[in-house]
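Reader: I should be grateful for a close look at one part of this model, namely its salt bridges and the surroundings in which they sit. Please take a single pair as the point of departure and work outward from there.

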Amino acid sequence: MYRCFALAVALSTLHAAAPAQVQRQFPADALRGDIEFLQPPEIRLNRDNARLAPGARIRAQDNMQQMSGALIGSKWVVHYTVDTYGLVRDVWILRPDEVSKRPWPRTPVEARSWLFDPVAQTWSKP
């Protein structure tokens, strides 16, 4: 009985500490931008009108999926990917530590000229 209690306490401690330790993984083709959610599927991305792709995935700061309709009127710094039609496919709303911690390319030209380390999740200028 004592072992079960100790195991439950240990697991609850690990579970409570886990979210603070998680570093989100972003794909190499993700760009950083400023997004404003308008009436779905419309968005404003880097001050230009854009659209979310059908089935677009939006991840909040806690990495939980969000519906675009719940974000209408909000503005965020994000990482995003674009599909072959130019529609925004994936969006990760960044936490303050993710924004200030490391530089990230904002344009495809920057992404082609910088070097990406997928393990450390960092970009560097050559």
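Author: In this predicted model, the side chains of Glu98 and Arg24 form a salt bridge, with an N to O distance of 2.6 Å. The two partners come from distant parts of the chain, 74 residues apart: Glu98 belongs to helix α2 (residues 96-101), whereas Arg24 sits in the loop between α1 (2-21) and β1 (31-37). Is each partner buried or exposed? Glu98 has a relative accessible area of 2% and is therefore buried, the limit being under 20%. Arg24, at 4%, is likewise below that limit and so counts as buried.

This pair does not stand alone. Arg24, Arg95, Asp97 and Glu98 are linked in a network of salt bridges. Within that network, the side chains of Asp97 and Arg95 meet at 3.2 Å, N to O. With a relative accessible area of 37%, Asp97 is partly exposed, whereas Glu98 is buried. The network thus includes a residue that is partly exposed as well as residues that are buried, because 37% lies between the limits of 20% and 50%.

A further salt bridge joins Arg57 and Asp90, with 2.8 Å from N to O. Here, too, distant parts of the chain are linked: Arg57 is in strand β3 (residues 48-59) and Asp90 in strand β6 (residues 88-93), 33 residues apart. The partners fall into separate classes of accessibility. Asp90 is buried at 7%, while Arg57 is partly exposed at 40%. Altogether, the count of salt bridges comes to 9.

The loop after helix α2 deserves attention as well. Trp104 lies there, between α2 and α3 (108-113), and its relative accessibility of 4% places it among the buried residues. Which residues does Trp104 touch, leaving aside those up to four places away in sequence? The contacts are Phe26, Pro27, Ala30, Leu31, Arg32, His79, Glu110, Trp114, Phe116, Gln121 and Trp123. With Ala30 there is also a polar contact, in which the side chain of Trp104 reaches the backbone oxygen of Ala30 at 2.8 Å. As for His79, it is 25 residues from Trp104 along the chain, and the C-alpha atoms of the two are separated by 8.7 Å.

Another loop residue may be set beside Trp104. Ser68 lies between β4 (65-66) and β5 (75-82). It has a relative accessible area of 17%, which is under 20%, and so it counts as buried. Beyond its neighbours up to four places away in sequence, Ser68 touches Pro40, Leu52 and Ile58.

These details belong to a chain with 3 helices and 8 strands, which follow one another in the pattern α-β-β-β-β-β-β-α-α-β-β. Of its 126 residues, 30% count as buried. Among contacts between residues at least 6 apart in sequence, 58% join residues at least 24 apart. The accessible surface of the chain comes to about 8400 Å², and carbon and sulfur atoms account for 60% of that area.

How values were computed:
Residues numbered from 1 in each chain as written. Predicted model: local features only at pLDDT ≥ 70, side-chain atom pairs only at ≥ 80, totals over all residues. Heavy atoms only, no water. Salt bridge = Lys/Arg side-chain N within 4 Å of Asp/Glu carboxyl O. Helix = DSSP H or I, 4+ residues; strand = E, 2+ residues; numbered from the N terminus. Buried < 20%, exposed > 50% of the residue type's maximum accessible area, 1.4 Å probe, protein only. Contact = heavy atoms within 4.5 Å. Areas by Shrake-Rupley, 256 points an atom, 1.4 Å probe, with all protein chains shown as cover. Polar contact = N/O pair within 3.5 Å; in protein donor to acceptor, adjacent residues only side chain to side chain.
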